[in-house]
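Subject: Handing over the structure, with notes on what was found

Dear colleague,

I am passing this structure on to you, and I would be glad if you kept it open beside you while you read the notes that follow.

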Amino acid sequence: MSPSSRAAVERAFDQQHLLDTLLSERDGLLSVLDRVLALSGTARLIRDAAGADAGFVADIEGPDKAVIRWLAGNRTDSLQDLVVPVGQGVGGRVLALGEPVRVRDYVSASSITHQFDWVIRREAMAAMLAVPIVGERSDGTTTVAVAYAALRGPGEFGERAVSAVEDIAADAARALRLATLAEAGRQTAVAAERHRMQTSLHDSVGAMLFSIGAQVRDLRSTLVDNPGMSSRLGRLEADISAASLALREALLALSESSPERALPIELSEHCRSFEARTGVPARLVQLGEVAPLDSERTNLLVSAVREGLLNAEKHADAGAVVVSLGAVDGGVQVAVADDGAAGAGNRAAANSSDGCGLGIRMLADRASRLGGRVSLVHEEDGGSTLRIMLPYPPVGEDRR
């Protein structure tokens, strides 16, 4: 590939990154978006798009079963919360095959099992179609829900109906992905706030209790000839000790966080510190779940974010900075993007006397030893993006 072609590919990748960032920022504004809302309206859309009498959606609960949760056009409550194991009925067959399944008459079809015939008879359903709603994971794709359409009376679902339901399923999959990203962002924000509360309580209330306890102990030592006052001070010292113990337990509870939350929390804290220090808005956007990493990889990703924020602070003249974190290509990618003034990035690249150029080279060397890569791209119209990608540890090696 020629240098100009590589540059074009890199620019296209950067533009896609910026688009993903904008979409994720939009997702964060849609605070009402969650998994339930993403699927609750899908049943009605399926019914209308397929020209069906009924539409319903089953959510995946566990690796081998789905549960029908959302319905439109149903006559009874028989389908509500019905558990569909893998391989059973139309929906279970979709779970097993990962592709659409349709039958002209459910109760007489030979291609499916018939554990649920009693439900279908109560609903007077005949033809039925089920389509997988497919979601993305770091290790590939998987069925995250099942979309159903059903007819009462004569008829069957043709290719047009299958295509229409597949389109609805694709829209539902995108909505679920947005809901997952929004939830990951909310969880990170909550965990970061817990971390700040822990630090604040430790530095204020903890220090205050320690100081009061020390003063009470000193006072008791000077009142050896006053048993009554000494006894009261002893009780006060015991109360202070109990309060300190309760505080320690509270701080421990606040500090509890899953390993996969630890990295987003730390990156969020660096963004908050950068914004407080410079006045430039900085936001962490998590583009999906990231598996826990070992300390070496975690520290390197954190160092890359610090370096990117330092460059933005010193050279970019930026109005905003976005740090993104997500799983990609069997590993983890972190990017620090700013909207600095045109030419600022080139000036930064040319100025290596302050050690920033050396910092990038050191990051690249460390990433290379772990099988990763680092890139720093300066846009012609302003803005820079520092990106680091690290593969997950080899299979069998402890990631933590």
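How many residues lie between β8 and β9 in the hairpin that they form, and which residue in the turn has a positive phi? Two residues separate the strands, and the one in the turn with a positive phi, of about 50°, is Asp329. Before going further, please keep in mind that this is a predicted model, and that what I describe below was computed from it.

The strands around that hairpin

The two strands of the hairpin, β8 and β9 (residues 331–338), run antiparallel to each other and are paired over eight bridges, and within this pairing Ser324 stands opposite Ala335 of β9. Strand β8 (residues 321–328) also has a partner in strand β7 (residues 282–286), but here the pairing is parallel and extends over five bridges, with Arg283 having Val322 in β8 as its bridge partner. As for how much of the strand is covered, six of the eight residues of β8 are buried.

A second hairpin

A hairpin is also formed by β1 and β2, this time with four residues between the strands, and in it Gly62 takes a positive phi near 95°. The pairing of β1 with strand β2 (residues 65–72) is antiparallel and counts six bridges, one of the pairs being Val57 with its bridge partner Trp70 in β2. Strand β1 (residues 54–60) is largely enclosed by the rest of the structure, because six of its seven residues are buried. When you look at such strands on the screen, it may help to recall that in a regular strand the side chains alternate between the two faces of the sheet.

Salt bridges

Side chains of opposite charge can pair when their charged atoms come close. In this model there are 10 salt bridges, and I describe some of them here.

Let me begin with Asp81 and Arg69, whose closest N and O atoms are 2.6 Å apart in their salt bridge. This pair links distant parts of the chain, since Asp81 sits in the loop between β2 and β3 (83–85) while Arg69 belongs to strand β2, 12 residues away. Both ends count as partly exposed, Asp81 at 41% relative accessibility and Arg69 at 27%.

The side chains of Arg104 and Glu156 also meet in a salt bridge, at 3.8 Å from N to O. Arg104 lies in the loop between β4 and α5, and Glu156 in the loop between β6 (140–150) and α6 (159–221), so the pair ties together parts that are 52 residues apart in sequence. Is Arg104 buried or exposed? With a relative accessibility of 61%, Arg104 counts as exposed, whereas Glu156 is partly exposed, with a relative accessible area of 48%. Leaving aside residues up to four places away in sequence, Arg104 touches Ala126, Ala127, Gly155 and Glu156. Pro154, which is 50 residues from Arg104 in sequence, is 8.6 Å from Arg104 in space, C-alpha to C-alpha.

A further salt bridge joins Arg277 and Glu313, with the closest N and O atoms 3.0 Å apart. Here the link is between helix α8 (residues 259–278), which holds Arg277, and helix α9 (residues 295–316), which holds Glu313, and the two residues are 36 apart in the sequence. Arg277 is partly exposed at 46% relative accessibility, and Glu313 is partly exposed at 34%. Finally, Arg44, Arg47 and Asp48 are linked in a network of salt bridges.

Space inside the model

Rolling a probe the size of a water molecule over the atoms shows where empty space is left. How many cavities of 30 Å³ or more does a search of the whole structure find? The search finds two, and the largest cavity holds about 100 Å³ of space. Its lining is made up of 15 residues, of which Ile68, Tyr106, Phe116, Ile120 and Tyr148 are the closest to its centre. Helices α4 (89–97) and α5 each supply at least two residues of this lining, and the largest share, three residues, comes from α4. In character, the lining of the largest cavity divides into 12 nonpolar residues, three polar ones and no charged ones.

With best wishes for your reading

Definitions and conventions
Residues numbered from 1 in each chain as written. Predicted model: local features only at pLDDT ≥ 70, side-chain atom pairs only at ≥ 80, totals over all residues. Heavy atoms only, no water. Buried < 20%, exposed > 50% of the residue type's maximum accessible area, 1.4 Å probe, protein only. Contact = heavy atoms within 4.5 Å. Pairing = 2+ DSSP bridges. 1 Å grid on protein atoms, 1.4 Å probe; cavity = no way out; pocket = protein on both sides within 12 Å on 5 of 7 lines; lining within 4 Å. Points joined across faces, edges and corners; volume = space filled by probe spheres on them. Nonpolar A, V, L, I, M, F, W, Y, C, P; charged D, E, K, R; others polar. Salt bridge = Lys/Arg side-chain N within 4 Å of Asp/Glu carboxyl O.
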